Amino acid sequence: IRLIDEKGLMTDELRDNILKCTKLVEVDEIYKPFKEGKKTKASIAIELGLEFHECLEVLDFTNIDIDGLPVSSFIKNTLRKLLEHEVFSNISKAKTYHEHEFYFENDDNSYHGIIDLLVEYDDHIDIIDYKLSNTDSIEYVRQLSLYKNYAESVKDKPVYCYLLSILKQEINKIDV
């Protein structure tokens with residue numbers, strides 16, 4: 001399950017989530033880098049979401065260097081706060097797989113997905129799915145359930161699933 005399709009276009013679900021999140025962030029803080037152009041709140045939220053996602057995708061969790069990212073201080077500070085969460089406390093000791101693409105067959109159904117971050121420890125696996133703001137959709141539970149089923153099919157370890165709300169700076173464990 002992916003929020004951007006194979007053509008690089010945004011899905012309706014991503015668009016809806018980004019529109020909802022613009023109300024949660026200080027507007028002035030987001031608008032500062034974009035004041036030169038005529039951008040809408042929606043386009044700014046879309047760019048913000050993609051920028052956060054790209055930062056998390058390229059982050060080296062064995063040697064975290066947020067200051068080296070070419071992004072605004074708002075994004076850097078948000079990432080720092082997120083990485084203080086307990087789920088990231090030992091990540092430097094794990095194998096991390098960013099944008100882990102998989103194909104999976106279960107009960108005569110075929111699935112294709114991309115896991116934002118799969119973290120493999122000696123004794124368990126964490127699956128972390130990034131959301132810009134909203135983490136309340138029942139679809140996210142279904143999505144993580146598929147991710148968990150896939151991970152359990154390839155590794156004999158307990159699998160734990162998390163939804164990361166970037167703008168709320170929250171990480172919620174999801175029981176699936």
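A residue counts as exposed when its relative accessible area is over 50%, as buried when the figure is under 20%, and as partly exposed in between. Keep that cut-off in mind as we walk through this structure, which is a predicted model.

Let's start with Tyr103, in strand β1, residues 95-106. Its relative accessibility is 64%, so Tyr103 lands in the exposed class. Being exposed doesn't leave Tyr103 without company: setting aside neighbours within four places in sequence, Tyr103 is in contact with Tyr111, His112 and Tyr150. There's also a polar contact of 3.4 Å between the side chains of Tyr103 and Glu101. Follow the chain 10 residues on from Tyr103 and you reach Gly113, with 6.7 Å separating the two C-alpha atoms.

Stay in β1 for a moment, because Glu99 sits in this strand too. What is unusual about the phi of Glu99, a residue other than glycine? The angle is positive, near 50 degrees. For background, most residues other than glycine have a negative phi. Glu99 has a relative accessible area of 17%, so this one counts as buried.

Now for the aromatic side of β1. Across the whole structure, a search turns up six aromatic pairs. In one of them, Phe104 and Tyr150 have ring centres 6.2 Å apart and planes at 80 degrees, which makes the pair edge-to-face because planes over 60 degrees apart are classed that way. Phe104 belongs to strand β1 and Tyr150 to helix α5, so this pair ties together parts that are 46 residues apart in sequence. Are these two partners buried or exposed? Phe104 is buried at 8% relative accessible area, and Tyr150 is buried as well, at 11%. Zoom out a little and ring pairs link Phe102, Phe104, Tyr111, Tyr147 and Tyr150 into a cluster.

Tyr150 takes us into helix α5, which runs over residues 138-154. From first C-alpha to last, this 17-residue helix reaches 25 Å, close to the 24 Å expected at 1.5 Å a residue. At the start of α5, a side-chain oxygen of Ser137 comes to within 3.1 Å of the backbone nitrogen of Glu139. Which residues of α5 are buried? They are Tyr140, Gln143, Leu144, Leu146, Tyr147, Lys148, Tyr150 and Ala151. A handy reminder when you look at that list: an α-helix has 3.6 residues a turn, so residues three or four places apart point the same way.

Gln143 leads on to Asp129, because a polar contact of 3.5 Å joins their side chains, right at the 3.5 Å limit for such a contact. Asp129 sits in strand β3, residues 125-131. With a relative accessible area of 2%, Asp129 is buried. The side chain of Asp129 also makes a polar contact of 2.7 Å with that of Lys131. Beyond four places in sequence, the contacts of Asp129 include Leu144 and Tyr147, along with Asp116, Tyr162 and Leu164.

Next, the nonpolar interior. The largest nonpolar core has 29 residues, and those touching the most other members are Phe52, Leu79, Phe88 and Ile128. Which elements give two or more residues to this core? They are α3 (41-58), α4 (73-83), β2 (109-120), β3 and β4. The largest share, five residues, comes from α4. Phe88 makes a good place to look around: leaving out neighbours within four places in sequence, Phe88 is in contact with Phe61, Leu82, Leu83, Leu117, Ile128, Leu164 and Ile171. Apart from this core lies another, of 15 residues, with Phe102, Phe104, Ile125 and Ala151 among them.

Last stop: the hairpin of β4 and β5. These strands pair in the antiparallel sense over five bridges, and Cys161 stands opposite Ile174 in β5. The hairpin has four residues between its strands. Gln169 is in the loop there, between β4 (159-165) and β5 (170-174). Like Glu99 in β1, with its positive phi near 50 degrees, Gln169 has a positive phi, about 55 degrees, although it is not a glycine. Is Gln169 buried or partly exposed? At 32% relative accessible area, Gln169 counts as partly exposed, whereas Glu99 is buried at 17%.

Definitions and conventions. Residues numbered from 1 in each chain as written. Predicted model: local features only at pLDDT ≥ 70, side-chain atom pairs only at ≥ 80, totals over all residues. Heavy atoms only, no water. Expected span 1.5 Å × (residues − 1). Buried < 20%, exposed > 50% of the residue type's maximum accessible area, 1.4 Å probe, protein only. Polar contact = N/O pair within 3.5 Å; in protein donor to acceptor, adjacent residues only side chain to side chain. Contact = heavy atoms within 4.5 Å. Core = buried A, V, L, I, M, F, W, Y, C linked by side-chain atoms within 4.5 Å. Phe/Tyr/Trp six-rings, centres within 6.5 Å; stacked < 30°, edge-to-face > 60°. Pairing = 2+ DSSP bridges.
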